Every structure is written in C-alpha cells, then in structure tokens.
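Okay, everyone, thanks for coming. Let's pull up the model and have a look at it together.

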Amino acid sequence: MSGKTPLQQQADRFDVIVVGAGPGGYVAAIRAAQHGLRVAVVERGELGGVCSNVGCIPTKAMLHGADVAHEIATAGALGFSVGEVSFDISGLVDHSRQVVDQLTTGIRGLLDANGVEIIVGNATVPQKGRVKVEVAKSFRELHSDHIILATGARPRSIPGVEPDGDRVWTSTEALRPTSLPESLLIIGSGAIGAEFASLYRDLGTSVTLVEALPGILPAEDAEVSAFVAGQFRARGIDVQKSVSVTSVVPDESGVTTTFTTSDGASRTVVTERVLVATGVAPNSEGLGLEALGARLNRGFVETDQWCRTGVAGLYAIGDLAGGPCLAHKASHEAVLCVDHIVGEARVSPLDRDFVPGCTYSRPQVASIGLTEAQARATGRELRVGKFNLAGNGKALALGSPEGFVKTIFDGATGELLGAHLVGPDVTEMVQGFGVAHSLHATAEDLAEVVFPHPTVSEAIHESVLDSLDRVIHWPPARK
Ligand code: FAD
C-alpha cells in the first residue's frame, strides 16, 4: 500500500508524461497541453536538449561569425579597404551562448504558459505506465497511460578513439573553444563535420577533413558531395576520402592522427585538436526498455508509423527512434504522436524520405527526397533537371554563384522524387520542395509557379524547367 495521501497520488498522475525536453520532448509536452491534457516533462539536463544547447542553434550562431569573417575577407572586391582585423573567439562563443540562453529561457516560458509541469531529474520506466524520477538523491514516481520517450542521442566515437574533451573534441567542445586552434583534424564529414570544417576554416584554422566513405556529406547526392569537396579544397581544406583512421594519439602539444589513404598508403597528421564527428548513439540504455519488451535496433527504439513501441502506452520520438536525427523530424513526430494519442483526425504518418536535410557550411547544402542514385535504383524512368547558379542574377549579385539546384522527377508521372541544392541560402529554399511534395505537385505544376525576381529561388524554377527541356537562362549546348 502506498503511504501517499490521495492528493499526492493525484499530483503524480498525468495524462501524458514526456521524458526528455529536446525539440521532440518539449514540443510533445506543449502539443499535449494544447489538447487540454495534464502533462509532465522530465529533463535531467537542460531544457531544449541537444538542439538548443549544443547542436543546431549554437552551431548556427558560430557559423554566423564565420560568414562575417568571410565577408570581411572578401570586402576588397567591392571597393572596401579593411584595415587589420583582430578576432577573439571568446566573443563568438559568448554570442552563441547568449542565443542559447535566450532560446532556452523561451522554452521554459512556453512550457510554463501551457501549464506543463517541468520535473528535473533522471527518468527510468520500471514498468508500463510508471516513470521513476531520481530527483536530488530521492525518487518521485509518476503515473500515466501515455509515456513518450524523447531522450535523444549523444555524440558517438569510433573504436580506438576516445574524446577527452581537451585535445580530442566532440561537437560539444568544438562549440566552446577557449582559443582558436591553429590546426584541426575532423573525423567524419556528415553535416556536423562539414559545418565545423567550414566554420573553423573561415576563422583561419588549418583544417583536415577525413571521411571513411568515398564522398564527403555521404548522405547527399553524389554530385553535391563532389561539388562541395571541390569547394572545400578550393578554400584550403584538406579533404581526404575513403580513409581509415588507425590511431589518434593526444599528448601535451597536439594530436597525432594516423590513417590509411584510399591508395593504401599510411599518412600521419599532427594537429592542435581533433574533432570526432562520426554520428550519434541513442540514449536508450538504463531506461528499462528491454525489460518492458520494447524492440531496439543498434540501440535506437523501433516504432511504428504512430511512434508506438509495441509496449502499450509507450512511445518513442526523435533521435531515440532513429534517423534522420534532426530536430524538425523530432518535433514533427512529437505532434503526430500526441495527435494520434488523442485521436485527432487529420494526422498522417511521417514520410522519412521527405524530411529535409540542411548543412550550413559554405556553400550551404539542402536536400529532400531521393538522391539520383536512389531514384535510379527504383527502376523508374527519370527526368532530371539541373540549373547552375552561374546563370542566376541574384547569386551573381551576392558574389556567390557557386552552386546548383538539381531536381528529380518520375519521367512518366512528373512526381517529385528528390531535390538537391547547393549555394547561398539554399537551406531557406528547400522547403518549397517540401510544400510541393505535400501537395503532390508535379514538374508541370511547379513550372506554372511564378517565382520572384531576382531571387536565388529562381534556380528552383529553372531546374524544374530544365527537367522539362524548357530551361530559359542556360544555353542548351552548355548543359
Ligand atoms: P535531444 O535534443 O537529444 O533531447 C533529449 C533530451 O533528453 C536531453 O535534453 C537529455 O538531457 C534528456 N534525457 C535523456 N535521457 C534522459 C533521462 N533518462 N531522463 C531525463 N531526461 C533525459 N538538427 C537539425 O535539425 N538541424 C541542425 O542544424 C542540427 N545541427 C546539429 C549540430 C550539432 C553539433 C549536433 C550535435 C546536432 C545537430 N542537430 C541538428 C541534431 C539535433 O540536435 C537533434 O536531432 C535533436 O536535438 C533531437 O531532438 P530530440 O528531442 O530527439 O533529443
């Protein structure tokens, strides 16, 4: 028998309990509260999770500084004479932390305003319908018929490489350097590795980027990958593909990294720091999931189209539930999971292929849907359009004509299968293709859309026109 009073028992009973307050968890909590439910969110770290504290937001704040550095470095071409410029990285780190503070304060305000109870502590799920929270060495037990797990993921390393937080960084330390490293070797060239390579190079660091696979940004279309590798090399980034890192040895003065190159040779590089950016591992251990009967795949929780784990009343969303490990995927699943719980009629499953992916390097990369290779593997007849930004007036005016928009349609039906963009502000443009996909727009439909002039987005239109052999601002012979 519980020693609790009925009032206490009532206080510990919720309609929905969310574990983790990242972009999956806090959005799920707010959405559930919007439905008039009594909601608790349990968080052992910081509100806002990885995204707001050590992920999406601080990286973009730091990358803004890199853009400013680039603008200063190239201002001479526009007639400006810039005197000697000094830079103290602590200013940039302070800027990014202020942005983080502002956002996470806002998240607390939103949760409070929606009447969500915030419980600080480490949660486990000892049995169905129960969440046990360790709060300051004591335990609080919560009850609910609906428990949404949104515990996210953390940086993952590769065998034999141990980030030490000093010489060998994860992304978390790379966001808070106490001084600008003279040299940095980055292991892994996914979005995170590519963003840090671009950031540190613009700030003046000598950067080596090593990738085990044959192309950088391996999830992107092969043309995008090759193009960005060329741009990075032109900026002085030493890009090494198809390499196998054999050892990473830190000492007082730096880090010695040895890797085997694509031609089988062994190469050793000594840098001031190393950043390990080789993906993420899910925070699924210790929650009690296996005992409950939830299925895990390499640690990620397997879910159905409504984020259900197969254990009654237990749901998983966001990074914990597998890729793409992106904040907007987490938030989207949060809403669809809660809406399905309450029986909302307009909810539909997430098409994971059509979650846009963005890399905020210079040049920026954005994509949605299938790569050309994936689309070809479906056996469909394709119509592929491509438009080079050298033919776009706005990109030329911005001094950034490096890039392109590539569109892939089903040749028979005109259905949009994929879109791949490289260039200035393309991360702001890719959503046009998301809307088109949601509304089942075909190539012919998109060709009818009026795009404002002058914008880089006109390259979307031209790429669609190219897929229909109607491109205007590119001579046919030069295709
Ligand atoms: P998280 O944000 O990881 O939040 C999980 C929360 O759960 C954490 O706060 C954690 O403390 C808490 N928690 C874990 N276990 C427990 C427990 N047992 N009890 C209580 N609380 C617990 N994505 C993008 O879309 N765009 C980007 O530009 C982008 N940039 C990134 C840059 C970097 C450097 C990194 C590392 C990631 C980036 N991401 C980006 C990925 C993005 O941050 C994640 O996809 C997103 O944060 C996942 O959200 P989530 O809610 O699933 O989990």
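I'll talk about a pair of helices and then a pocket.

First, the small print. This is a predicted model, where local features need pLDDT of at least 70, side-chain atom pairs count only at pLDDT 80 or more, and totals for chains, interfaces and linings use all residues. Residues are numbered from 1 along each chain as its sequence is written, and side-chain values use heavy atoms, leaving out hydrogens and water.

So, the helices, which are DSSP runs of H or I, at least four residues, numbered from the N terminus. The axes of H4 (residues 56-74) and H7 (residues 191-203) come within 8 Å and cross at roughly 40 degrees; axes here are lines fitted to C-alpha atoms over the stretch in contact, with angles from 0 to 180 degrees between N-to-C directions. That makes H4 oblique to H7, oblique being whatever is left after under 35 degrees (roughly parallel), over 145 (roughly antiparallel) and 65 to 115 (roughly perpendicular). Contact means heavy atoms within 4.5 Å, and among the residues making it are Met62, Leu63 and His70 of H4 and Phe196 and Leu199 of H7.

Now, which residues are closest to the centre of the second largest pocket? They're His70, Glu71, Arg362, Ser400 and Pro424, out of 31 lining residues. A pocket is an open set of points on a 1 Å grid over the protein atoms alone, where a 1.4 Å probe fits, with protein on both sides within 12 Å along at least five of seven lines; lining residues have an atom within 4 Å of a point. H4 gives the largest share of that lining, eight residues.

Technical notes. Helix = DSSP H or I, 4+ residues; strand = E, 2+ residues; numbered from the N terminus.
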